[in-house]
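Biologist: Please take a close look at one helix of this protein chain. Set the rest of the chain around it, and say how far the model can be read.

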Amino acid sequence: MRYRLTFIAGLALGYVIGTRAGRERYEQMKKSARRFAENPAVRNTAESAAQSGRDLAGKAYHAVSDKVGGRVPAGVADRVRSLRDRGRNGEDDWGTSNT
């Protein structure tokens, strides 16, 4: 019985020490990631990549729509048309965050 009690006490102590150290490490990594994301060079690069992606997506859309033409089901064509119209109104949510 004494060995079981010692084992349980050691297990509890290890859990408490481990979780405290784990939480500190988690907070440290979180702080480092936030600092990295707030770096102006990183933000500029991400915005540049997002803009390039938007440009390429537009080119791909036009290339595919020229090739496919009227052979797209009506539901798909309506959805694409609504997305295209939304983009023309300046309602582009690419590259934005909800935080």
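**Helix α2 in its setting**

Modeller: From the N terminus on, the elements of the protein chain run α-α-α. That makes three helices and zero strands; helices (H or I, at least four residues) and strands (E, at least two) are DSSP runs, numbered from the N terminus. This is a predicted model, in which local features need pLDDT of at least 70 and side-chain atom pairs count only at pLDDT 80 or more, while totals for chains, interfaces and linings use all residues. Residues are numbered from 1 along each chain as its sequence is written, and side-chain values use heavy atoms, with hydrogens and water left out.

The mean pLDDT (the predictor's confidence in each residue, from 0 to 100) of the protein chain is 78, and 81% of its residues reach 70 or more. Confidence is highest in helix α2 (residues 40–68), at a mean of 85, and lowest in helix α3 (residues 74–88), at 70. Where pLDDT is low, the predicted coordinates should not be read in detail.

Now to α2 itself. Its end C-alpha atoms are 42 Å apart, which agrees with the 42 Å that its 29 residues should span at 1.5 Å a residue; the expected span is 1.5 Å times one less than the number of residues. At the N-terminal end of α2, Asn39 acts as a cap, with a side-chain oxygen 3.1 Å from the backbone nitrogen of Ala41.

Further along, helix α2 contains Arg54. The side chains of Arg54 and Gln51 make a polar contact at 2.7 Å; such a contact is a pair of N or O atoms within 3.5 Å, where, within protein, one must be able to donate a hydrogen and the other to accept it, and residues adjacent in sequence count only if both atoms are side-chain atoms. Arg54 is partly exposed because its relative accessible area is 25%; buried means under 20%, exposed over 50%, and partly exposed in between (1.4 Å probe, protein chains only).

In the protein chain, buried residues make up 0% of the 99 residues. Outside α2, Phe7 lies in helix α1 (residues 2–37). Phe7 counts as exposed because its relative accessibility is 57%.
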